[in-house]
Amino acid sequence: MINRRTFNQATVLGTGAAAVSLAGFRASARAASPGHRAAGGDPAPTVPAVTPGTHTSFARLKQVRAGVLDVGYAEDGPAHGPVVICLHGWPYDIHSYVDVAPLLAAQGYRVIVPFLRGHGTTTFLSSRTVRNAQQSAVALDIIALMDALKIEKALLAGFDWGSRTADIIAALWPERVTGLVSVSGYLITNLEAQKKPLPPKAEYTWWYQYYFATDRGRLAMEDKTDRHDLCRLVWDTVSPTWHFDDATFERTATAFENPDYAAVVIHNYRWRLGLADGERRYDRYEKQLATRPLIKVPTITLDPERDPFTAPGNGASYRDRFTGRYDHRTLTGIGHNLPQEAPTAFAQAVVDVDRF
């Protein structure tokens, strides 16, 4: 879910870290990069607060052929508004943005929320396509989606797999990105760094990654009941303060019934551990990503304080990767699924970075 390199040597936020309350969304650390001025222009409007769980469905669900996929996606807002693409993680789906989308639509944005490959109604066009989930393949899916929808540029916002995907696009194709909101900061996977062990407590938090490296883990993901219960366990453990109901989980769990879900998830985690091969067609992109490329587009990074994967240091471990106009915020009391747990704060970050 989160790049091990950013985890560093602890799994909880240090006691001296600054934080942002949900009431004020105040930046805990605002610092423009050397040579860049701080955020300017017209002040961003304040996004009206919404209670998490207010919405349970999207205004519109659509399908489009893009690259190797038939992509399912939610859309909200005016057709000709500035585009925001919101990207989910694992084990989640588009419902992570079910409250965020109408907030942004009300601000005039055209909001696109796609199911990632192997999730929900996003399916492969050919049975011969490798069910590959290496990071550059997933990023190119979003580039293909933008091309299919004739979107030249978009503001990208994501968490978990979605943060990694957005980071990659911002790093390799900055001309397609107007701004970036990245939960947990710089998540581009460095395969060489993945070979190094973490402290035991950190490795313990990644239990499912090692489970998926075994045949037992693969079989669990292929079994409907085991898959359901495993994903529910992850929800419970990585969002300890989020009191969601069964119906909220079940709305997302339908996305796990995609026939390629198990194959895609297992490949993603095995590839990141060096236990599964990628495809040669993506080698040139992975070589670029191995250099830890800088991200130069305007960016706000968000750290969820109660996420066990959040690194200490209030974003310090990845600050040097962002060289454009920048802001970092830590959300107090929020777990891993930040946009669904704190939709107003997430939407406000999108609106704010668009004014940088």
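Which residues in the largest nonpolar core touch the most other members? They are Ile85, Trp90, Leu104, Phe212, Met221 and Phe346, out of 106 residues in that core. Keep in mind as you look around that this is a predicted model.

## The chain at a glance

The chain has 356 residues, and 59% of them are buried. DSSP-style bookkeeping aside, you'll be looking at 14 helices and nine strands.

Take the contacts in the chain with a separation of 6 or more: 81% of them link residues 24 or more positions apart. As for the outside, the accessible surface comes to about 14200 Å², and carbon and sulfur atoms account for 52% of that.

## The big nonpolar core

Back to those 106 residues of the largest nonpolar core. Helix α3, spanning residues 135–148, gives the most to this core, chipping in eight residues. As a general background point, nonpolar side chains tend to be buried together in soluble globular proteins.

Leu104 is a handy place to zoom in, being one of the core residues that touch the most other members. Leaving out residues up to four places away in sequence, Leu104 touches Val84, Cys86, Tyr109, Val111, Ala347, Val350 and Val351.

## Strand β8, walled in

Strand β8 covers residues 299–304, and six of its six residues are buried, so the strand is largely enclosed by the rest of the structure. Thr299, Thr301 and Asp303 point one way from β8, while Ile300, Leu302 and Pro304 point the other way. Both sets are buried, Asp303 included.

What about the strands that β8 pairs with? Strand β7 (residues 177–183) pairs with β8 in the parallel sense, over four bridges. Strand β9 (residues 326–331) also runs parallel to β8, and six bridges join these two. Thr299 is a good residue to click on: Leu180 is its bridge partner on the β7 side, and Tyr326 stands opposite Thr299 in β9.

## Cysteines

If you're wondering about disulfides, a search of the whole structure finds zero. For reference, a disulfide is a covalent bond between the sulfur atoms of two cysteines.

Are Cys86 and Cys231 buried or exposed? Cys86 has 0% relative accessibility, and because the cut-off for buried is under 20%, Cys86 counts as buried. Cys231 also comes out at 0% relative accessibility, so Cys231 is classed as buried too. Cys86 is also one of the residues that Leu104 touches.

Terms used
Residues are numbered from 1 along each chain as its sequence is written. This is a predicted model: local features need pLDDT of at least 70, side-chain atom pairs count only at pLDDT 80 or more; totals for chains, interfaces and linings use all residues. Side-chain values use heavy atoms; hydrogens and water are left out. A nonpolar core is a set of buried Ala, Val, Leu, Ile, Met, Phe, Trp, Tyr and Cys residues joined through side-chain atoms within 4.5 Å. Buried means under 20% relative accessible area, exposed over 50%, partly exposed in between (1.4 Å probe, protein chains only). Contact means heavy atoms within 4.5 Å. A disulfide is a pair of cysteine sulfur atoms within 2.5 Å. Two strands pair if DSSP finds at least two bridges between them. Accessible areas come from the Shrake-Rupley method with a 1.4 Å probe; for residues, only the protein chains shown count as cover.
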